[in-house]
Amino acid sequence: MLGQIERGESNPTIATLWKIASGFDVSFSSFVKDDEPHQSGLMHRKPRMQQLHKQDDRINVMPIFPFDKNLGFEVFIIELLPGCTHLSPPHQKGVIEHVIPVSGFIEVLVDERWRKVNPSEGLRFDAFFPHGYRNLSNHPVLFHDMIHYMK
Ligand code: MN
């Protein structure tokens, strides 16, 4: 699989990229194409939704704040298209996710239970265990996913 990706013969899914990131103990945003230079300090980022990184049919992921190794932190905006159910493999130990819906509610799978999270509410969970996100509505929904990598 890694060889196929390196040779450009395979377009890995987001779940596969997460497995690779976890296996190599690196952040997810290190795989996401980002033309802006990574920097510390002041950043004002305006994600353009048409430029969301598209790997899977119904989920788009774009880093707002790419991984900062001093903070052990990265922030994504994620779009789930109608009907999307995205299951994520466990990440590295010490990875904590904070999910905050922006538009519309999403459901998050934690501890084998789907939990409804409304806009501006927050859900934090230990991402060392299997988890997932889904949108069973008829509209695309957006949420922020803040990911901490604890040492
Ligand atoms: Mn995850």
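Is Glu112 buried or exposed? Keep that question in mind while you open this predicted model, and we will come to the answer at the second stop.

**Stop 1: the whole chain**

Start with a cartoon view of everything. The chain holds two helices and ten strands. If you trace along the sequence, you pass them in the order α-α-β-β-β-β-β-β-β-β-β-β. Now colour by accessibility if your viewer allows it: of the 151 residues in the chain, 45% are buried.

**Stop 2: the loop between β6 and β7**

Select Asp111 and Glu112. Asp111 sits in the loop between β6 and β7, and Glu112 has its place in that loop too. Here is the answer to the opening question: Glu112 counts as exposed because its relative accessibility is 78%, and the cut-off for exposed is over 50%. Asp111 is exposed as well, with a relative accessible area of 62%.

Look at the backbone here. Glu112 is not a glycine, yet its phi is positive, at about 65 degrees. Asp111, also a residue other than glycine, has a positive phi near 50 degrees. The hairpin that β6 and β7 make has two residues between the strands.

**Stop 3: strand β6**

From the loop, step back into residues 106–110, which form β6. How many of the five residues of this strand are buried? Five of the five are, so β6 is largely enclosed by the rest of the structure. Try turning the strand to view each face. On one side you find Ile106, Val108 and Val110, on the other Glu107 and Leu109, and all of them are buried.

Next, show the neighbouring strands. Strand β7, residues 113–117, pairs with β6 in the antiparallel sense over five bridges. To see one of the partners, select Val108 and look across to Arg115 in β7. Strand β9, residues 131–134, also runs antiparallel to β6, and three bridges join the two. Here you can select Leu109 and find its bridge partner, Gly132, in β9.

**Stop 4: a salt bridge**

Stay with β6 and β9, and display the side chains of Glu107 and Arg134. These two form a salt bridge, with their closest N and O atoms 3.3 Å apart. The pair links distant parts of the chain, since Arg134 is in strand β9 and Glu107 is in strand β6, 27 residues apart. A search of the whole structure finds one salt bridge.

Are these two partners buried or exposed? Glu107 counts as buried because its relative accessibility is 15%, with the cut-off for buried at under 20%. Arg134 is buried too, with a relative accessible area of 19%.

**Stop 5: the manganese ion**

Now select the manganese ion and show the side chains around it. Which residues coordinate the ion? They are His91 and His131, each through NE2, and Glu97 through OE, at 2.0 to 2.2 Å. Along the chain, these donors follow the spacing H-x5-E-x33-H. Glu97 belongs to strand β5 (residues 95–103) and His131 to strand β9, so this pair links parts of the chain 34 residues apart. Both Glu97 and His131 are buried.

**Stop 6: a cavity**

Switch on a cavity display if you have one. There is one cavity of 30 Å³ or more, and the largest cavity holds about 80 Å³ of space. To see what lines it, select Ile14, Trp18, Phe28, Ile59, Val61, Phe76, Ile78, His86, Ser88, Tyr133, Asp145 and Ile147. The elements giving two or more residues to this lining are α2 (14–24), β2 (59–68), β3 (73–80), β4 (85–88) and β10 (141–149). Colour the lining by residue type and you will see nine nonpolar residues, two polar ones and one charged.

**Stop 7: His148**

For the last stop, select His148, which lies in strand β10. This histidine counts as partly exposed because its relative accessibility is 30%. Then add Val75 to the selection and draw a distance between the two C-alpha atoms. His148 and Val75 are 73 residues apart in sequence, and in space their C-alpha atoms are 8.8 Å apart.

How values were computed
Residues are numbered from 1 along each chain as its sequence is written. This is a predicted model: local features need pLDDT of at least 70, side-chain atom pairs count only at pLDDT 80 or more; totals for chains, interfaces and linings use all residues. Side-chain values use heavy atoms; hydrogens and water are left out. Buried means under 20% relative accessible area, exposed over 50%, partly exposed in between (1.4 Å probe, protein chains only). Helices (H or I, at least four residues) and strands (E, at least two) are DSSP runs, numbered from the N terminus. Two strands pair if DSSP finds at least two bridges between them. Donors are N, O and S atoms within 2.8 Å of the metal (3.2 Å for Na, K and Ca); water is not among the atoms, so sites may look incomplete. A salt bridge is a side-chain nitrogen of Lys or Arg within 4 Å of a carboxyl oxygen of Asp or Glu. On a 1 Å grid over the protein atoms alone, a cavity is a set of points where a 1.4 Å probe fits but cannot get out, and a pocket is an open set with protein on both sides within 12 Å along at least five of seven lines; lining residues have an atom within 4 Å of a point. Grid points are joined across faces, edges and corners, and a volume is the space filled by probe spheres set on the points. Ala, Val, Leu, Ile, Met, Phe, Trp, Tyr, Cys and Pro count as nonpolar, Asp, Glu, Lys and Arg as charged, and the others, Gly among them, as polar.
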